[in-house]
Amino acid sequence: MVAETDNQRTTPHGAGDAPPRTEGSILRQPRAVWAVAFASVIAFMGIGLVDPILPAISRSLEATQTQTSLLFTSYLLVTGLAMLVTSWVSSRIGAKRTLLLGLALIVVFAAAAGAAGNVESVIGFRAGWGLGNAFFISTALATIVGAASGGSSSAIVLYEASLGLGIATGPLMGGLLGSVSWRGPFFGTAVLMAVGFVTIATLLRSDTIARTAPVPLSAPFTALREPALLVLAFTALFYNIGFFALLAYTPFPLGLDEMGLGFTFFGWGLAVAVTSVFVAPVLTRRWRRTGVLWATLLLLAADLVAAGALISSTAGLITCVVLGGLLLGVLNTVLTESVMEASDLPRPVASSSYSAIRFLGGAAAPPAASALAAALSPGAPMYAAAGSVVVAALIVLLGRRVLRRVDDGPEPVEVEAQAIALGR
């Protein structure tokens with residue numbers, strides 16, 4: 001995360017201009033920066049990596065659809081809970097050690113998941129993977145900015161490019177390696193992350209990254225006393241139910257093989273990356289953040305209703321998945337950016353509290369969707385997800401009074417990049 005003490009906060013637009021940035025070539029960077037950027041690509045691949053192999057895991061390990069969907073639940077639940085302590089850890093051991101801790105955990109647990117003999121073990125190892133990802137992602141941006149040459153602008157462009165590449169190619173990698181064996185994506189991730197670990201350990205110097213002031217362990221818990229932060233957290237909780245119903249349930253009714261699912265969710269990931277990096281900042285420069293939020297949430301609800309109605313049409317459902325990705329990219333970035341503007345709390349503390357609650361919705365959605373499909377109909381999970389997203393839009397509308405300060409104006413590019421990263 002961007003280094004920040006308890007008493008620092010970026011001045012909103014309208015009250016002052018963004019800090020001046022020194023321009024430089026994105027390609028002329030130290031090897032340490034490229035090492036972190038490479039590891040960032042692989043880390044963000046993990047979000048959609050398992051989508052193409054969910055049906056294959058279910059078949060190979062004789063697991064139910066609900067059991068298989070718990071691969072998302074364990075990953076998201078542990079990621080969210082770990083976010084409560086990442087600031088506390090990194091402010092004490094430093095950014096490099098935090099990065100290496102995250103990478104080491106991903107290597108160990110991804111390899112263990114690939115070698116697992118039953119679905120329960122894979123679920124448990126995915127939880128460890130989520131722990132590692134939380135430590136890595138929370139620290140990568142500050143590391144790249146601190147070690148880069150050519151000013152922060154070039155570093156942030158490189159980071160956003162890494163993020164977009166990882167989100168888009170994760171499902172494709174899952175489909176390619178998964179077409180050989182469902183174990184392939186797990187082993188592939190472990191190997192690539194091991195390479196990232198070695199390169200960061202070798203090339204990144206600890207003194208290139210500014211140390212932050214120690215963060216109290218209780219800080220993310222007490223942060224939830226802020227009304228605006230609480231409103232946004234519960235908005236994200238209900239929104240994430242829709243997000244992960246779309247991401248984790250649709251591979252089953254689509255009925256495609258590993259490569260078919262890989263290309264479908266490659267399109268989804270590309271849509272998320274494009275709108276989160278390019279479209280969301282444009283929208284928030286033109287309109288109020290709260291307006292962008294509730295309008296986009298209602299559009300997502302309509303897309304989920306369409307997905308429920310077209311659940312038996314492969315082409316129709318693919319279209320809804322990709323269109324949903326366009327909306328998800330906007331919502332992820334604008335929600336997290338709003339969290340950063342909602343209070344005077346340090347941004348790492350505010351984002352930790354917010355992430356812990358929002359991931360609860362994501363963790364609950366996949367098994368709930370599978371259970372609804374079994375009990376009612378294949379389209380029922382999409383309709384329920386749409387209802388949850390409508391609740392999120394209503395929370396934003398009803399909470400506009402306490403959210404007034406999030407509409408101050410567009411963020412500086414550094415904060416936009418942090419929002420894009422933490423919104424994943």
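This passage looks at one pair of helices and one salt bridge in a predicted model.

We can start with the helix pair. Helix α12 covers residues 289–309 and helix α13 covers residues 314–341. Their axes come within 9 Å and cross at roughly 155°. Angles over 145 degrees count as roughly antiparallel, so α12 and α13 are roughly antiparallel to each other. The crossing of α12 past α13 is left-handed. As for what sits in this contact, its residues split into 16 nonpolar, 3 polar and 4 charged.

Helix α13 also holds up to a quick length check. With 28 residues at 1.5 Å a residue, α13 should span 40 Å, and its end C-alpha atoms turn out to be 41 Å apart, which agrees. As for its surroundings, 21 of those 28 residues are buried, so α13 is largely enclosed by the rest of the structure.

Now for the charged side chains. Opposite charges on side chains can pair when the charged atoms come close. The structure holds 1 salt bridge, and it joins R59 to E258, with the closest N and O atoms 3.4 Å apart. This pair ties together distant parts of the chain: R59 belongs to helix α2 (residues 54–60), while E258 belongs to helix α11 (residues 258–286), and the two are 199 residues apart. The partners also sit in contrasting settings. R59 has a relative accessible area of 56%, so R59 is exposed, since the cut-off for exposed is over 50%. E258 has a relative accessible area of 14%, so E258 is buried, the cut-off there being under 20%.

Technical notes: Residues are numbered from 1 along each chain as its sequence is written. This is a predicted model: local features need pLDDT of at least 70, side-chain atom pairs count only at pLDDT 80 or more; totals for chains, interfaces and linings use all residues. Side-chain values use heavy atoms; hydrogens and water are left out. Axes are lines fitted to C-alpha atoms, for helices over the stretch in contact, and angles run from 0 to 180 degrees between N-to-C directions. Helices (H or I, at least four residues) and strands (E, at least two) are DSSP runs, numbered from the N terminus. Angles under 35 degrees count as roughly parallel, over 145 as roughly antiparallel, 65 to 115 as roughly perpendicular and the rest as oblique. A crossing is left-handed if the near helix is turned anticlockwise from the far one by less than a right angle, and right-handed if clockwise. Ala, Val, Leu, Ile, Met, Phe, Trp, Tyr, Cys and Pro count as nonpolar, Asp, Glu, Lys and Arg as charged, and the others, Gly among them, as polar. The expected span of a helix is 1.5 Å times one less than its number of residues. Buried means under 20% relative accessible area, exposed over 50%, partly exposed in between (1.4 Å probe, protein chains only). A salt bridge is a side-chain nitrogen of Lys or Arg within 4 Å of a carboxyl oxygen of Asp or Glu.
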